[in-house]
Amino acid sequence: MKTLRAVLLVGVFALGSDHLAAQVTYERILGAATEPENWLTYNGGYSSQRYSALDEITPGNVDDLELEWMLPNQVFGAWQSNPIVIDGIMYITQRPNDVMAVDAATGRVFWLYRHTNAENARVCCGANNRGVAIHGDRVFMGTLDAHLIALDAITGRALWKVEVGDVNRAYSITMAPLVIKDRVIVGVGGGEYGIRGFVAAYDVETGAEVWRFYTIPGPGEPGHDSWEGDDWEHGGAPVWVTGSYDPELNLTYWGVGNPGPDWNAAQRPGDNLYSDAVVALNADTGELVWHFQFTPNDGYDYDSVQVPVLADIDWNGARRRVMMWANRNGYFYVLDRATGEFLSGSPFVRVNWSSGLDANGRPIPTPQPAGMPTYPGNQGGTNWYPPSFSPRTGLFYFSAWEDYATTYRPEESEYIPGRAFLGGGFDVLTPVPGAPTVGIGRTSQINNWTDAVGHGSLIAMDPRTSQPRWKFEQFDVSDSGMLTTASDLLFTGGREGYLHALDARTGEELWKASLGGQIVMAPVTYEVNGRQYIAVISGNSLVTFGLPE
Amino acid sequence: MHPLLRTFLLRLCAVTLPLALPAGAAGQNMADHQYSTADIEAGARVYVADCALCHGANGDGVDGVNLRIGRFRTVRSDDDLRRVVTTGIGGSRMPSFDLGTGELDGIVAYIRAGFDPSGVAVKVGDPARGQAIFESEGRCVGCHRVNGVGGRRLAPDLGEIGVTRTAAALQRTILDPSTALLPINRPIRAVTRNGETVRGRRLNEDTYTVQLIDAEGGLRSLVKAELAEYEVSLTPTMRPTTLSADQVADVIGYLLSLRGLP
């Protein structure tokens, strides 16, 4: 009892002092790589490499990993969220728009903030939220009804809330925001509902909008002539995955999603800029500096919402500032991130919608006859699943879907605000008519579609050659992201519910845990009190591993 | 076989399937099993003239009945359909129609094709006769069960097959099982390290393990890394039927009537 009283007294003193917790400055985020005990942004840092300098867990001891704690979600549905961790506190979202502050060492919860969405909030593919951003002592979350909310990181109280897009026109936010300097940047979803997409920056203190970049140019702007008539007003081009930032160039990079209607390209003639492109924006003004379009006039839903992964690598004998990109359209690209120059591109899965890329990286289209399958299928050769780049191995790791194809049924669609704007439909190719097919996420513990409709392949890509160094194949497809560490470990998951630890150099599997539920996010790592943890979400549980004390 | 090559060959099969079906159903003339496009088109004309006023353009104008998707109050077989059309249903609003044979076949064909002029109108026979065939010369119960009654468990229990399969899918399975075998049901052959050969029907699979019902009727779960051999066959254990077209129609009628426990 004496001890307890002593602790209480200390607590009183602490409350009276100027104790500053969780002050995450812009400079700290810039130097995220130098404090690997934390996971400061959705992609682990501005270059989005998802590489950690932590090396306590090694190929030699990974077999000793043991369960530390679990935190079950009380809400059903795919849990795509990605935690961030600051000084022992983890911030994680759960469906639809809850934020939790969690003790990263024990899994016990400090507070839970719950946002109630407007009843008419619409998202195509599940009530997903992929996480929060942090700046100072504030946590930021986008909502399904297209608002941006700032929370007090210590109390969980809302500080401001602003409307980012019009929920009545089916704007939504599913991505984790990104803080650059004193702005919080966020993009909007709604590519299946005929939105006009954009990325916008808000003042972290007040929520006031600082700039907005429309991903479809308006009348008089360059690129507007890549649309006809009023198609640009409801042409989609959403932004639903967190971008990257190069502080030296002061450029922030964002992947842009599909044009609308999704599957009827003939209904919107032209290249449909900047759908299916990466845009490089001045981080202070939002002005477009360069763009590179992967799939002009896309009729296959090949969103380019992959994470732009930045690294400086040897390129033909010289150091080059590049961006690596495994695209949903089945090609792997390397671009110069200062200029947008196309450096290389080649298919990483079977591709038949295009016969190759020209000298500028523009695809040579080879549309398949009606009723014939298109490779890769509608979910793509890869998708939003975050990749990793290890500066130690020089390899780029990502989840691919192999032998997966779709037959498209384009139809004319009428745009009605707030309603689905799809332009027809599609069927996944199956070995026999009517067989079960792979969809967005798992809905059953039984895999009754089997590898006959597509299977997962973790590809370790050498960006200098565009050739896989090795592959790690899975029976089911995988939506899992990647994590690499300074001990040359690679952690990933998959729909089958295994957490895998591989040798990042060879692809040899060193350890696995059967967690049972689908893993549809990227594992992260952090350190508390000198112990390294691996956190992953499997099904409806956040699960954390560490080495025995 | 390399898994990628195996999958590629499957793709090839899938793409060429419409051509492969008649050839695969060797010795079977599809005209015996299906109504013709001319029948369906004739039926469309009859439907518009005589039926659509009450049943509606989409076939769902009468409560409890949806002609297009095959939901009826009493009808099961094609002959049931013909009888209802020609005699009407006493005490209901369904009158009798005096149609010629071609018109009668046409209306049945149009309904069985799901109102789709380019659809497939599979002949559906009498469920009671079909059950008798299923349990005797059809030799179905050697492998299949129906709600737990019947032979071994090597093939799927068909107790709810009328809910999960269309008439066209059932017909394809009976005439040419290799073009209708769902991938999950593919036969497994594995040899363990101690030399035991395990055969069975796949229930579930992942990267490391496979779950199956083995030939002895037991549930087995195998770890692939512990196997000396592991094969998934594309060839079903079921052979193409030797039943006549009318018998096949009856069996389809029976299978469509299997809709789970009451």
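# A guided tour of chains A and B

Begin in chain B of this predicted model by selecting helix 5 (residues 78–87) together with helix 6: their axes come within 10 Å and cross at roughly 125 degrees. An angle between 115 and 145 degrees falls outside the roughly perpendicular and roughly antiparallel ranges, and helix 5 and helix 6 of chain B are therefore oblique to each other. The crossing of helix 5 of chain B past helix 6 of chain B is right-handed. To see the contact, display the side chains of B:D78, B:L81, B:R82, B:V85 and B:T86 on helix 5 of chain B, which meet B:L104, B:I107, B:V108 and B:I111 on helix 6 of chain B. This contact of helix 5 with helix 6 of chain B comprises six nonpolar, one polar and two charged residues.

**Helix 4 against helix 6, chain B**

Keep helix 6 (residues 101–112) of chain B selected and add helix 4 (residues 37–55) of chain B; here the axes come within 7 Å and cross at roughly 95 degrees. Helix 4 and helix 6 of chain B are therefore roughly perpendicular to each other. On the side of helix 4 of chain B, select B:D39, B:I40, B:A42, B:G43, B:A44, B:V46 and B:Y47; their counterparts in helix 6 of chain B are B:G102, B:E103, B:D105, B:G106, B:I107, B:A109 and B:Y110. Sorted by class, the contact of helix 4 with helix 6 of chain B holds eight nonpolar, three polar and three charged residues.

**Domains of chain B**

Next, colour chain B by its two domains: domain 1 spans 37–112 and domain 2 spans 183–232. The C-alpha centres of domain 1 and domain 2 of chain B are 48 Å apart.

**Helix 9 against helix 10, chain B**

Now select helix 9 (residues 167–175) and helix 10 (residues 245–256) of chain B, whose axes come within 10 Å and cross at roughly 130 degrees. Helix 9 and helix 10 of chain B are therefore oblique to each other, and helix 9 of chain B makes a right-handed crossing with helix 10 of chain B. In the contact, B:A167, B:L170, B:Q171 and B:I174 of helix 9 of chain B meet B:V248, B:V251, B:I252, B:L255 and B:L256 of helix 10 of chain B. Eight nonpolar residues, one polar residue and no charged residues make up this contact of helix 9 with helix 10 of chain B.

**Where chain B touches chain A**

Display both chains and select the residues in contact: 19 residues come from chain B and 21 residues from chain A. On the side of chain B that touches chain A, helix 1 (3–15) and strand 4 (197–205) of chain B each supply at least two residues. Which element of chain B supplies the largest share of this side? Helix 1 of chain B does, with eight residues. The side of chain B that touches chain A consists of 12 nonpolar, four polar and three charged residues.

**First sheet in chain A**

Move to chain A and select strands 2, 37, 36 and 35, which in that order form an open sheet with antiparallel pairing. Strand 2 (66–72) and strand 35 (524–528) of chain A are the edge strands, each pairing on one side only. From one strand to the next, the twist averages 25 degrees. Zoom in on strand 2 of chain A and strand 37 (residues 541–546) of chain A, which run antiparallel and are joined by six bridges. A:L67 stands opposite A:F545, a residue of strand 37 of chain A.

**Second sheet in chain A**

Select strands 15, 16, 17 and 18 of chain A, an open sheet in the order 15-16-17-18 with antiparallel pairing. Strand 15 (244–246) and strand 18 (288–293) of chain A each have a single partner strand, so one side of each is left without a neighbour in the sheet. Neighbouring strands of this sheet are turned against each other by 20 degrees on average, direction ignored. Within it, strand 16 (residues 251–255) and strand 17 (residues 277–282) of chain A pair in the antiparallel sense over five bridges. Pick A:L251 and find its bridge partner A:N282 in strand 17 of chain A.

**Backbone details in chain A**

Most residues other than glycine have a negative phi, and most peptide bonds are trans. Select the loop between strand 16 and strand 17 of chain A, where A:Y274 is found; the peptide bond from A:L273 to A:Y274 is cis, with omega near -5 degrees. Continue to the loop between strand 24 (363–365) and strand 25 (388–390) of chain A, which holds A:P376. The peptide bond from A:Y375 to A:P376 is cis, with omega near -10 degrees. End at A:R50, in the loop between helix 2 (26–30) and strand 1 (51–52) of chain A. Although A:R50 is not a glycine, it has a positive phi of about 50 degrees.

Notes:
Residues are numbered from 1 along each chain as its sequence is written. Chains are lettered from A and ligands numbered from 1 in the order in which they are written. This is a predicted model: local features need pLDDT of at least 70, side-chain atom pairs count only at pLDDT 80 or more; totals for chains, interfaces and linings use all residues. Two residues are in contact if their C-beta atoms, placed from the backbone, lie within 7 Å. Helices (H or I, at least four residues) and strands (E, at least two) are DSSP runs, numbered from the N terminus. Ala, Val, Leu, Ile, Met, Phe, Trp, Tyr, Cys and Pro count as nonpolar, Asp, Glu, Lys and Arg as charged, and the others, Gly among them, as polar. Two strands pair if DSSP finds at least two bridges between them. Axes are lines fitted to C-alpha atoms, for helices over the stretch in contact, and angles run from 0 to 180 degrees between N-to-C directions. Angles under 35 degrees count as roughly parallel, over 145 as roughly antiparallel, 65 to 115 as roughly perpendicular and the rest as oblique. Domain bounds come from an automatic or database domain assignment. A crossing is left-handed if the near helix is turned anticlockwise from the far one by less than a right angle, and right-handed if clockwise.
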